[in-house]
Number of protein chains: 2
Amino acid sequence: MDIKGINSGICIDNFRASGIKEEKYGIALIVNDKICETAGVFTTNSIKGAHILVDRKKIENGFQAIVINSGNANACVKSGIRDAKKMCEMAGRELSIDPRHIGVASTGIIGRKLNLEKIKDLTKKASSRLSDSPEGSKGAAKAIMTTDTKLKQISFEYKGIKIGGIAKGAGMIAPDLATMLCFLTTNAALNRKTLQNALERAVNDSFNLLVIDGDMSTNDTVILMSNGKKSCNSKDFQYLLNYVTREMAKLMARDGEGATKFLEVELQGAKTVNDARAGAKAIVSSSLVKTAVFGENPNWGRITAAIGSKIKFDFEKTDILLESMGESAYVVKKGRVIDLDKVRDILKGRDIRIIVNLNSGKEKAMVWGCDLTPKYVEINAGYN
Amino acid sequence: MDIKGINSGICIDNFRASGIKEEKYGIALIVNDKICETAGVFTTNSIKGAHILVDRKKIENGFQAIVINSGNANACVKSGIRDAKKMCEMAGRELSIDPRHIGVASTGIIGRKLNLEKIKDLTKKASSRLSDSPEGSKGAAKAIMTTDTKLKQISFEYKGIKIGGIAKGAGMIAPDLATMLCFLTTNAALNRKTLQNALERAVNDSFNLLVIDGDMSTNDTVILMSNGKKSCNSKDFQYLLNYVTREMAKLMARDGEGATKFLEVELQGAKTVNDARAGAKAIVSSSLVKTAVFGENPNWGRITAAIGSKIKFDFEKTDILLESMGESAYVVKKGRVIDLDKVRDILKGRDIRIIVNLNSGKEKAMVWGCDLTPKYVEINAGYN
């Protein structure tokens, strides 16, 4: 029995969700009948969105609901914490839930005061639409999108354990944590501490290995709520959670701002895990590698230079293999250039895998990202 | 008496230079009548161009000449070291100089074997053009250009000490050291060790604070040759050398690949120098800040997020001032947004200064860079 997809989104069992978007502003709600065991991982940026400061103080109480607004990050504004608390109170009134058990999250532009009237109005509308169907989850996923072009919603089951997730995130995504919001629901009957440990491990091996543009957001948030309906062991849960968070990270990479190609980079044969991660991240973060991929240009020298900027390795031992559309070809094998023409064809694909083997050890790491395109520049030159 | 510009380029006193370029390939020569005290700083990338491995072994002997080729980096090729040595031998024959006293440098695409026939031919032609006039220096500066759009040549004098420099470098420029070659000549009568220390200090405060695209090259090289004609104290020399290397770093930032705007970022009021440098570099490295500058979009939130990704600071104490064309305006003053309209006007300038004051200490750092444009992507998607 292995992991299988299910059609629930975050509306697992008795989780309900909804969302509404009017112009640039959206509100999403995630609600349960009772207080859930809740875990969270937040940005390591020293400047944090107000919602993070509010959530961290009460997440140990457990959340029964989360209210999320898009269009305004509620970061770097004097009224931030007060307004984040007000969002919880407004949602509490609509949902008849104690605001101490309501989480909050914001995404959008930094430095602008929240329009609380607008949020009140949208919260009311969203609460009237709450549904435990996959459509409810979809509504929430839509409402939190900003520059995202694709809705991000997944749900999987393994040994009766279910995990559903919605997310937003497309630009300003870098280790550690992406500019992203991700909300996960599960039925796993595990205590808060176990959930928290599992979430931290999963985030470290998924979202923290995702690079869109190397920038780090003030608002990155992953929250996991459990209704505790399914007894399970933590190992099985970790297995499923790792899978779900990695799939979500890949969805984000595929929707990188302006991206035309998805990049999966695996660095094998490194001496240490840290080397493997640092080298793989260096490749997927390199503007020169990313533009070369956009241009379908097999410039393996940039891959080599990127790795060398972060770790020591022996080029004469190194293999570089490219894969796409079921085809693969070595560009470099033991430091010798092999086949640029075939690689040029492979680079025409939409999903590109770069596999580098340093042949110097047993450690490896996989990271995800996308190409760098003129469209990325256009999107971010104009975003207001 | 302060630093004044002089019109010599690297052809100070008895230094001669020349260059020739045919299609993508160029050769430059820098020659003196006798062996010079010589210092060098090279890339910290673990993958190094062959010329660096060759130069490091003999730079202590002192160079009497340097031969530089453009169009091919002579990096990551099995024949690299042998071919770099052959370049020295060819130049030695043309110039009647012992190859042990000839330095070598290469810039261009990684992973291709040098065309030694072409290099021999161009070296011969270049040697017939050697001149001690500023035109000789200019010829050399032109010959080493790759994606550069502007010739980079400067020369200054201070208390009788002269330093001249030529450089190439436009993309793949990041701390530490840029993808760049820089050749400096001086008349300062200082021994090799003093020159080496001075050069390392100057590079640390100039080229290592320059960010074009965050990528680090395999071939970065700065070489300083002295003819020893002018007695001087090392403090005066350091003062002039710092000035010259900073001016050269700024020239490179102005010619960043695809750049439409020059960026100077100063972070003031930091608790430590390391904080000041890390925060300033984070700003000038941020793709989101760079695209916002391209779009003339006063998105100070991205500046704040970039700093916060690297250091701890208190936004409520922070000032952000923008300057251009003799005008300046605060975007943020003590954590409050001040004047977005005036800042929008300021961003229309070609040379933008971003001055952030954390008001938390006395340390500061200045770094240089440029905007990120669709043109950058185009240049690097197609470079072959």
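## Exercises on a predicted two-chain model

All of the interface residues of chain A, 100%, are also interface residues in chain B, so the copies meet through the same surface. Keep in mind that this is a predicted model. Grab the structure and work through the exercises below.

### Exercise 1: How far to trust it

Task: work out where in chain A confidence is lowest and where it is highest.

Solution. Start with the overall picture: chain A has a mean pLDDT of 92, and 96% of its residues reach 70 or more. Now go element by element. The lowest confidence is in β9(A), with a mean of 81, and the highest is in helix α2 (residues 80-95) of chain A, at 98. Then look at residues 174-178 of chain A, where the pLDDT is below 50; beyond near neighbours in sequence, this stretch has 24 contacts in the model. Where pLDDT is low, don't read the predicted coordinates in detail. For the complex, the predictor gives an ipTM of 0.77 and a pTM of 0.82.

### Exercise 2: How the two chains meet

Task: find which helix gives the largest share of the side of chain A that touches chain B.

Solution. First, size up the contact: it takes 43 residues from chain A and 43 residues from chain B. Next, list helices on the chain A side: α8 (287-294), α9 (300-310) and α11 (374-382) each supply at least two residues. The largest share, 7 residues, comes from α9(A). Finally, sort that side of chain A by character: 20 nonpolar, 19 polar and 4 charged residues.

### Exercise 3: The symmetry

Task: say what turn and shift lay chain A on chain B.

Solution. A turn of 180 degrees with a shift of 0.0 Å along the axis does the job, and the RMSD is 0.0 Å. The two copies are thus related as by a two-fold rotation axis. To locate that axis on chain A, go to A:Pro374: its C-alpha is the nearest one in the chain, 2.1 Å from the axis.

### Exercise 4: A helix at the contact

Task: decide how many residues of α9(A) are buried, and what they pack against.

Solution. Count along the helix: 11 of its 11 residues are buried, so α9(A) is mostly covered, taking 20 or more C-beta neighbours within 10 Å as the cut-off. Among them are A:Trp300, A:Arg302 and A:Lys310. Then check the partners. Within chain A, these residues pack against α7 (273-285), α8, β12 (319-324), β13 (327-333) and β15 (351-357), and from chain B comes β5 (102-109).

Now cross over to B:Thr218, in the loop between β9 (210-211) and β10 (221-230) of chain B. B:Thr218 touches A:Ala305 and A:Gly308, and its partners in chain B include B:Thr43, B:Asn45 and B:Ile110. With 29 C-beta neighbours inside 10 Å, B:Thr218 counts as buried. Its C-alpha is separated by 7.7 Å from that of B:Ser46, 172 residues apart along the chain.

### Exercise 5: Two domains in chain A

Task: say where the domains of chain A lie and how many residues of each are in contact with the other.

Solution. The domain assignment gives domain 1 (4-252) and domain 2 (262-382). Their centres, taken over C-alpha atoms, are separated by 32 Å. In the contact, 10 residues of domain 1 meet 10 residues of domain 2. On the domain 1 side, β9 (210-211) and α6 (234-254) each supply at least two residues. That side divides into 6 nonpolar, 3 polar and 1 charged.

### Exercise 6: Buried or partly exposed?

Task: compare helix α4 (residues 134-143) of chain A with A:Lys230.

Solution. Take the helix first: 8 of the 10 residues of α4(A) are buried, so the helix is largely enclosed by the rest of the structure. Two lysines, A:Lys138 and A:Lys142, are among the buried residues. The buried residues of α4(A) pack against β2 (16-22), β3 (25-42), β4 (63-72), β6 (152-158) and β7 (161-168) of chain A.

Now the lysine in strand β10 (residues 221-230) of chain A, A:Lys230. With 19 other C-beta atoms within 10 Å, A:Lys230 is partly exposed. Its contacts, leaving aside neighbours within four places in sequence, are A:Gly160, A:Ile161, A:Asn187, A:Ala188 and A:Ala189.

Key:
Residues numbered from 1 in each chain as written. Chains lettered and ligands numbered in written order. Predicted model: local features only at pLDDT ≥ 70, side-chain atom pairs only at ≥ 80, totals over all residues. Buried ≥ 20, exposed ≤ 12 C-beta atoms within 10 Å, placed from the backbone. Helix = DSSP H or I, 4+ residues; strand = E, 2+ residues; numbered from the N terminus. Contact = placed C-beta atoms within 7 Å. Nonpolar A, V, L, I, M, F, W, Y, C, P; charged D, E, K, R; others polar. Least-squares fit on C-alpha atoms with pLDDT ≥ 70 in both. Domains from an automatic or database assignment. pLDDT = per-residue confidence, 0-100.
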